[in-house]
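Hi,

Here's the structure I promised to pass on. Have a look at it first, and then read on for what turned up.

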Amino acid sequence: MHIPDGFIDGTTSLGAGVIAAGGVGGALRQSAARLKDRQIPLAGLVAAFVFVLQMLNFPVLPGMSGHLLGGALAAILMGPSVAVVVVSVVIILQAMLFADGGVSALGLNLINMAVVTTLSGWFMFRLVRAPFRPSRRAVLGASFVAATLSVVVSAVMFVVEYAIGGVGGVNLFNVLLLMAGSHLLIGIGEGFITVAVVGAVLQARPDLVFGASDLRAEGSPRLPMKRFWILAGVAAAMLVSLTVFASSNPDGLQWVAEQTGLAQEAQGSLIATSPLSNYGAAGLSDGAGRIVAAAVGMVVTFLLGWLTFTILRRRSPV
Amino acid sequence: MSTSISVTDLTFSYPGGLKALDGVNLQIGAGERVAMFGPNGAGKTTLVLHLNGIHMPPPGRVVVGGTPLDDTSVMDIRRRVGMVFQDPDDQLFMPTVRQDVAFGPANFGVSGDELDQRVLDALGAVEMVHAIDRAPHHLSLGERRRVAVATVLASKPEILVLDEPSSNLDPASRRELATILKGLDVTMLMVTHDLPYALELCERAVIIDAGKLVADGGTRELLGDPDMMAVHRLELPYGFDLKAV
Amino acid sequence: MSGGHAHALHIHGHSVVHRLPGHLKVAALFLFVVAVVATPARAVWAFGLYASVLGLVAGLAGVPVRFIARRMLVEVPFLAFALLLPLVGEGPFLEFGGVRLSEAGVLAAWTILAKGSCGVVGSILLAATTEIPNILAGLNRLRAPKAIVAIAGFMVRYLEVISGEMARMRVAMAARGYEPKAFWQVKALATSAGALFIRSYERGERVYMAMVARGYAGSMPTFGDVLTSTADVVRALALPGLAVITAAVALVVSG
Ligand SMILES: Nc1ncnc2c1ncn2[C@@H]1O[C@H](COP(=O)(O)OP(=O)(O)OP(=O)(O)O)[C@@H](O)[C@H]1O
Ligand SMILES: [Mg+2]
């Protein structure tokens, strides 16, 4: 997912650079008090940890593997602002020292992997936790959903960037399906690993899990529910409008209409890896159908999360 | 002989509630080399961390070279007490050896040519000048230990505190380090499980057990007291003959 | 979807390129890449010129072609994507050896291939000729936020320590017959990652102690700047400057 130079056009990359600088700068300012002293070496060690974790390829299904992004995990462990800074450092050094991700695409990569995964992961985490009492189970369930969706959101972000400044020639809806679908699978892997890591840390050093600080603090205030339901509404509205945008996009409609010729075979193989491809193939050709598809994807993720945790909990104390 | 380190009635508990130090008293004279023995978890590292204000008294008192350790004196005392930690990977945290050795004196306000000279002198004392531009993590463990010693020598401390300096070193590196330590003109407190090493380097030794100072005397005498040794889980290596050294 | 590597790409050497100050090289790479990205893809000649610029730098620095080629593997997923574009793209189409290729797709594939490769080779050359501390010092001089550079320094320092710990854990697990094939089996792996996090964090705490013991009071000392001569500036920026001019010409001619 490290975008190379030239994949997205110059203007978009530049714009992304400005936005990323703003985002990372904001995170730096937010975390300044904590980063000042003791957290600098800590953040460096955690950055090295995230880097090493990203080298860890995990099997998603037999024959298919993905690697961790770690944004949601970092946010749950360190808090969102420090996490943005930490993952940014990882992304910057990957570009500078390892030629992984283009220098001109640094802004894009920072947005996708350092800012969006981290913040969306944190946001989902808080959101899922909001209605429940603070408990280990709630933290782990929320971690799963947050990590899974953060990967999907990051993939969608990539498609948005591709839509704005990608070199053309391919229809966007196709790219969206491919990216969101494959990343839902990768995201589930990310979810599992994130949960296991958070669970292990929660067991040995619960004080190190920022997102669970309310578990041990005696009577620390509960999450401000009202604010989170407002944010949840905003998120839902964004999701719906994004889906509508994607589906009302002429490219998308054209794709459905254009199911003939050589392009069809190629597309067939391209999206075969996507679980959502079934929904497309089932003839959900209108915007409403796609919204349903997206919603189903979300619901399935949530359900999977809960299911996993009831099972895991019964078997062993994670 | 003037007193270099004076610890009085020092007690310390970790947040978990565990009492790691329990009324420790210890005086070390200027220029003395003292070994500290004790089983794992006895509180040795904890005591040593008090000597340059990473943990602070009270309860108890720590006086270094006549200056009581408190919030106002702590920076000065950190300069005068050099700490070599148990794991050199914790101690060497900068990207290059040069920057690592310069870290201490730079924090204490040394800069420019004098800083460069300090770095060279300190690395010279441990015979590691050739590694000045290398990354610490590319050095062998023995070399890292030596550089770790240099990082504190660069601040020109009066007192050197070493936490298990010989652990995991091969026999040659262990010997080289001993030669270097013997050549330094400082007061030295050395935490160690390596009893022959202590015998070679330190004329005096103390034993800490369960947070209490339980013995203080000549190294040779302590090591020659089998009852005392057994009670505090101390053992000389197999075949080691005290009288032969 | 490429994973990273714990060992940076540095190749030891004393060439002109190696000796340039880090901040100039970082700036040069940035300038070069921006020029490449801004060049219209149809100006094929311009990319020929960029390739020669890169070849020249590689030659001066003594970075072997094989080394560069091997490192270019990080680009592969995107190249695969690029090669699919002519097949999945939309009309108008052109026939090529009996295969119907999308015109826009072919151009897009070329864009990704050409620009991406120039960028990745440029980055490889920077990493190959610049020691990590010099890159960090360079970022410092280019006014990257202090906290970012300081954190980066610690990260670089402990990368191998932590990946070593990770590798040992995996070996220990493999020694006991653990080899995950699907994601429902990764729990043990992830639990060890949890242990790794705790170890990393606790090491962070000990490092902090070691820093405090040597007088750290919240800000990292900065060490003397490398002197930058005008000649260095000229040397570092000449070729990227050429690339910028090329890009400008290409924009006028083909844009
Ligand atoms: N950060 C900490 N938090 C809580 N307890 C601690 C901490 N560090 C040490 N302890 C406990 O304090 C006691 C003394 O530990 P200390 O590290 O001083 O022992 P030590 O004599 O240095 O042991 P060793 O020979 O193994 O290095 C031990 O029981 C240890 O578990
Ligand atoms: Mg100890």
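Before the strands come up, one definition: two strands count as paired if DSSP finds at least two bridges between them. One more thing to keep in mind is that this is a predicted model.

With that in hand, start with β9 of chain B. Phe37(B) stands opposite Ile207(B) in β9(B). That match belongs to the pairing of strand β3 (residues 33–37) of chain B with β9(B), which is parallel and spans four bridges. β9(B) also pairs with strand β10 (residues 212–218) of chain B, this time antiparallel and over six bridges. Within that second pairing, Asp209(B) has Lys212(B) as its bridge partner. Two residues sit between β9(B) and β10(B), making the pair a hairpin, and Ala210(B) in the turn has a positive phi of about 50 degrees. How enclosed is strand β9 of chain B? Largely so, because five of the six residues in this strand (residues 204–209) are buried.

Chain B also has an open sheet of four strands, in the order β2-β1-β4-β5, with antiparallel pairing. Its edges are β2 (19–29) and β5 (67–68) of chain B, each of which pairs on one side only. Strand β1 (residues 3–13) of chain B is joined to β2(B) by seven bridges in the antiparallel sense, and Ser13(B) is found opposite Lys19(B) in β2(B).

You may want to check a couple of backbone angles while you're in chain B. Asp9(B) isn't a glycine, yet its phi is positive, near 45 degrees. Asp9(B) lies in strand β1 of chain B and is partly exposed, with a relative accessible area of 47%. Lys156(B) is another non-glycine with a positive phi, here about 50 degrees. Lys156(B) belongs to the loop between α6 (141–153) and β7 (159–163) of chain B. Is Lys156(B) buried or exposed? Exposed, because its relative accessibility is 53% and the cut-off for exposed is over 50%.

Now for where chains C and B meet. The contact involves 31 residues of chain B and 24 residues of chain C. Together the two chains bury about 2300 Å², with 64% of that on carbon and sulfur atoms. How many salt bridges does the rule find across the interface of chain C and chain B? Five. Arg157(C) forms a salt bridge with Asp89(B), and their closest N and O atoms are 2.9 Å apart.

Asn107(B) is worth a click too. It sits in helix α4 (residues 97–107) of chain B. Leaving out residues up to four places away in sequence, Asn107(B) touches Arg214(C), Gly215(C), Tyr216(C), Ser219(C) and Pro221(C). Asn107(B) counts as buried because its relative accessibility is 18%, and the limit for buried is under 20%.

On to chain C itself, which is divided into domain 1 (16–140 + 226–254) and domain 2 (144–213). The centres of these two domains of chain C, taken over C-alpha atoms, are 33 Å apart. Four residues of domain 1 of chain C contact five residues of domain 2 of chain C. Between them, domain 1 and domain 2 of chain C bury about 420 Å², 73% of it on carbon and sulfur atoms. On the domain 1 side of chain C, Leu136(C), Leu139(C) and Asn140(C) supply 84% of the area buried against domain 2, more than any other three residues. The rule finds zero salt bridges across this domain interface in chain C.

Last, the nonpolar cores. The largest has 199 residues, and the members that touch the most others are Phe7(A), Phe93(B), Phe32(C), Tyr50(C), Met155(C), Tyr158(C) and Phe197(C). Helix α7 (residues 172–204) of chain A gives the most to this core, 17 residues. Domain 1 and domain 2 of chain C each put in at least three residues. Which residues is Phe32(C) in contact with, leaving aside its neighbours within four places in sequence? They are Tyr50(C), Val53(C), Leu54(C), Cys118(C), Pro240(C) and Ala243(C). There is also a second, separate core of 50 residues, including Leu160(B), Val186(B), Leu222(B) and Met229(B).

Cheers

Conventions:
Residues numbered from 1 in each chain as written. Chains lettered and ligands numbered in written order. Predicted model: local features only at pLDDT ≥ 70, side-chain atom pairs only at ≥ 80, totals over all residues. Heavy atoms only, no water. Core = buried A, V, L, I, M, F, W, Y, C linked by side-chain atoms within 4.5 Å. Buried < 20%, exposed > 50% of the residue type's maximum accessible area, 1.4 Å probe, protein only. Domains from an automatic or database assignment. Contact = heavy atoms within 4.5 Å. Buried area = accessible area lost by both parts, 1.4 Å probe. Salt bridge = Lys/Arg side-chain N within 4 Å of Asp/Glu carboxyl O.
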